[in-house]
Amino acid sequence: GVALPDEEALSANPAALQSAARTLGLSHSEWVQDIRHEYLTLLWGHGQRVFGLAFQLSHTGQLEHRTGPSAEPLGEFGVYEGALNLAYARSWSPRLRLGLNLKLLRQSVYTATATGAALDLGLLYQLRPELRLGAALRQLGRMNELEETATPLPRTLAAGLAYTGLPRLLFSGEVRHADQGLTLHLGAEWQAASQLALRGGYQNAEGRGLALGLGLKRDAWAL
């Protein structure tokens, strides 16, 4: 989605942030081993500018502490990683939009903690009325050492196109370069009816492949 406008969250591309008014988003998810992810985002627009504030936290607790094989643990400990995001996006011309996102990072494992900072940069450019180009460079920064080793940040470069030149159809695609190499991401949306959108996608990252989805919209509600 690097070339697609985003009105709900801090996007993969900070230049894609768009909001005509205040937008509040909350998210909570739980995974195996009681790993929890919390996400809060607030966007507000003022003319051609959008400001964003977001907080992300991944955490789990009650992990057993051992220094070697033992019948009983020595105790329990927790792990967390958090980020405070400060974002800004602005249209600099009718075709060009730029954005940045500053992240303040902190992580903790048992009694060890580390802090760091990173910067995301992005642009959106309207090549033609139906064709938009997007690019983003993310995770420019570093972490302090956690005990003896600093956690490397996953620096990512992404570039893509979004095409809306066919009735009720949207096509988007991008390439990303990160630690795992170059990956391809493709997506399409068909507005089958005024309240129904059908979507499909493909990516070759991390063994993933095809995906399908749909969207329902009525008045101010979207699912």
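Is R66 buried, exposed or partly exposed? R66 counts as partly exposed, because its relative accessibility is 33%, which lies between the 20% and 50% limits. The structure discussed here is a predicted model.

## Salt bridges

The model contains 6 salt bridges. One of them joins the side chains of E64 and R66, with an N to O distance of 2.5 Å. Like R66, which has 33% relative accessibility, E64 falls in the partly exposed class, at 48% relative accessible area.

Another salt bridge pairs R128 with E130, whose closest N and O atoms are 3.1 Å apart. E130 is classed as buried because its relative accessible area of 19% is under the 20% limit. The pair formed by E174 and R176 also counts among the salt bridges, with its closest N and O atoms 2.7 Å apart. Here the acidic partner, E174, is buried at 6% relative accessible area, whereas R176 is partly exposed at 27%.

## The cavity and its lining

The count of cavities of 30 Å³ or more comes to 1. The largest cavity has a volume of about 40 Å³. Its lining consists of V2, A12, A136, R138, T156, A158, E174 and R176. E174 and R176 thus appear in the lining and are also joined to each other by a salt bridge.

By class, the lining comprises 4 nonpolar, 1 polar and 3 charged residues. Three strands each supply at least two of the lining residues: strand 7 (131-143), strand 10 (156-163) and strand 11 (169-178).

## H65 in strand 3

H65 belongs to strand 3, which covers residues 49-65. With a relative accessible area of 18%, H65 is buried, because the value is under 20%. In sequence, H65 lies between E64 and R66, the two residues whose side chains meet in a salt bridge.

When residues up to four places away in sequence are not counted, H65 touches P73, L74, G75, E76, F77 and Y110.

## The loop at P129

P129 is located in the loop between strand 6 (112-128) and strand 7. Its relative accessibility is 74%, so P129 is exposed, the limit for that class being over 50%. The residues on either side of P129 in sequence are R128 and E130, which form a salt bridge with each other; E130 is buried at 19% relative accessible area, in contrast to the exposed P129 at 74%.

P129 and L196 are 67 residues apart along the chain, and their C-alpha atoms are separated by 24 Å.

Key. Residues are numbered from 1 along each chain as its sequence is written. This is a predicted model: local features need pLDDT of at least 70, side-chain atom pairs count only at pLDDT 80 or more; totals for chains, interfaces and linings use all residues. Side-chain values use heavy atoms; hydrogens and water are left out. On a 1 Å grid over the protein atoms alone, a cavity is a set of points where a 1.4 Å probe fits but cannot get out, and a pocket is an open set with protein on both sides within 12 Å along at least five of seven lines; lining residues have an atom within 4 Å of a point. Grid points are joined across faces, edges and corners, and a volume is the space filled by probe spheres set on the points. Helices (H or I, at least four residues) and strands (E, at least two) are DSSP runs, numbered from the N terminus. Ala, Val, Leu, Ile, Met, Phe, Trp, Tyr, Cys and Pro count as nonpolar, Asp, Glu, Lys and Arg as charged, and the others, Gly among them, as polar. Buried means under 20% relative accessible area, exposed over 50%, partly exposed in between (1.4 Å probe, protein chains only). Contact means heavy atoms within 4.5 Å. A salt bridge is a side-chain nitrogen of Lys or Arg within 4 Å of a carboxyl oxygen of Asp or Glu.
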